[in-house]
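Work through the exercises below with the sequence and coordinates open. Try each task before reading its solution.

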Amino acid sequence: MYFCTRCHTDTPYEMRHCPVCNTCVAERDHHCFMMGTCITRHSMKHFMIGGFYGGVACFVSGVIFLSDCPMPRTVVYLAPVALGYYLSGVISFSKLVYAFVINMMLCSGVTIFGFLLHQVLFAALGRLPFCDPEDKARSAVQNLMRVFGGPWGFLNFLVPYSAFGYRKMKPPTGSKCV
Ligand SMILES: [Zn+2]
Ligand SMILES: [Zn+2]
């Protein structure tokens with residue numbers, strides 16, 4: 001146990017204080033502003049698969065927009081170039097918006113996949129905030145199974161529904177259920 005100075009209470013070591021949720025959360029990784037909640041060891045796989053679908057959606061829609069785009073590729077790939085073309089009167093405002101939307105989609109896709117890659121790598125190394133010190137000595141497969149596995153094996157990772165396999169699990173006393 002340690003004393004959480006913000007909750008003014010004794011807190012188990014597995015719990016970390018979240019300044020946004022304003023409570024201590026069991027096995028917390030980080031606070032996700034998109035989801036509006038803390039991501040924990042138990043919700044990590046569902047967060048990752050949700051992020052994966054989101055990243056794929058960004059790429060697919062970006063590429064569809066791109067293949068339909070009547071502008072030179074350099075204008076589309078680089079939003080500042082598109083802005084320059086618009087200010088010098090070469091392209092219309094609607095084409096500028098079009099170029100920014102494509103940029104946003106492709107950049108979001110790259111950012112999401114970069115973040116997911118970082119999470120998988122750190123989960124394999126046992127270096128995510130909720131990992132135990134012993135996790136660093138475990139093999140990458142064991143660490144990945146501890147985060148992405150479960151009673152249904154890797155099916156728990158593919159089905160983004162946290163109730164599967166966790167019905168009997170009770171959160172530690174005083175923790176926030178996420
Ligand atoms: Zn706290
Ligand atoms: Zn939080």
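The donor residues of the zinc ion (ligand 1) are spaced C-x2-C-x9-H-x6-C in sequence. Donors here are N, O and S atoms within 2.8 Å of the metal (3.2 Å for Na, K and Ca); water is not among the atoms, so sites may look incomplete.

This is a predicted model, in which local features need pLDDT of at least 70 and side-chain atom pairs count only at pLDDT 80 or more, while totals for chains, interfaces and linings use all residues; side-chain values use heavy atoms, with hydrogens and water left out. Residues are numbered from 1 along each chain as its sequence is written, and chains are lettered from A and ligands numbered from 1 in the order in which they are written.

**Exercise 1.** Identify the protein donors of the zinc ion (ligand 1) and classify the site.

Solution.
- Step 1: list the donors. They are Cys4 (SG), Cys7 (SG), His17 (ND1) and Cys24 (SG), at 2.1 to 2.3 Å from the zinc ion (ligand 1).
- Step 2: recall the rule. Four donors count as tetrahedral if all angles lie between 85 and 135 degrees; four count as square planar and six as octahedral if opposite donors are over 155 degrees apart and all others between 65 and 115; anything else is irregular.
- Step 3: apply it. The angles among the four donor atoms run from 97 to 126°, and the site of the zinc ion (ligand 1) is tetrahedral. For reference, the ideal angle for four tetrahedral donors is 109.5 degrees.
- Step 4: place two of the donors in the chain. Cysteine 4 is in strand β1 (residues 2–4) and histidine 17 in strand β3 (residues 15–18); the pair is 13 residues apart and links distant parts of the chain. Strands (E, at least two residues) and helices (H or I, at least four) are DSSP runs, numbered from the N terminus.
- Step 5: check burial. Cysteine 4 and histidine 17 are both buried. Buried means under 20% relative accessible area, exposed over 50%, partly exposed in between (1.4 Å probe, protein chains only).

**Exercise 2.** Repeat the analysis for the zinc ion (ligand 2).

Solution.
- Step 1: donors. Cys18 (SG), Cys21 (SG), His31 (ND1) and Cys38 (SG) lie 2.0 to 2.3 Å from the zinc ion (ligand 2).
- Step 2: geometry. The arrangement is tetrahedral because the four donor atoms subtend angles of 98 to 121°.
- Step 3: spacing. Along the chain, the donors of the zinc ion (ligand 2) follow C-x2-C-x9-H-x6-C. Cysteine 18 in strand β3 and histidine 31 in strand β5 (residues 28–32) link distant parts of the chain, 13 residues apart.
- Step 4: accessibility. Cysteine 18 is buried because its relative accessibility is 0%. Histidine 31 has 12%, so it counts as buried. Cysteine 21 has 22%, so it is partly exposed.
- Step 5: contacts of histidine 31. Leaving out residues up to four places away in sequence, histidine 31 touches Cys18, Val20, Cys21, Gly36, Thr37 and Cys38. Contact means heavy atoms within 4.5 Å.

**Exercise 3.** How many disulfides does the structure hold?

Solution.
- Step 1: set the test. A disulfide is a pair of cysteine sulfur atoms within 2.5 Å.
- Step 2: count. The structure holds zero disulfides.

**Exercise 4.** Describe the hairpin of β3 and β4, then find residues with a positive phi.

Solution.
- Step 1: pairing. β3 and strand β4 (residues 23–26) run antiparallel, joined by four bridges. Two strands pair if DSSP finds at least two bridges between them. Methionine 15 stands opposite alanine 26 in β4.
- Step 2: asparagine 22. Asparagine 22 is in the loop between β3 and β4. Its phi is positive, about 55°, although asparagine 22 is not a glycine. Most residues other than glycine have a negative phi. Asparagine 22 is exposed because its relative accessibility is 55%.
- Step 3: glutamate 27. Glutamate 27 sits in the loop between β4 and β5. Glutamate 27 has a positive phi of about 45° and is not a glycine. Its relative accessible area is 18%, so glutamate 27 is buried.

**Exercise 5.** Summarise the whole protein.

Solution.
- Step 1: elements. The protein has six helices and six strands, in the order β-β-β-β-β-β-α-α-α-α-α-α from the N terminus.
- Step 2: burial. Of its 178 residues, 35% count as buried.
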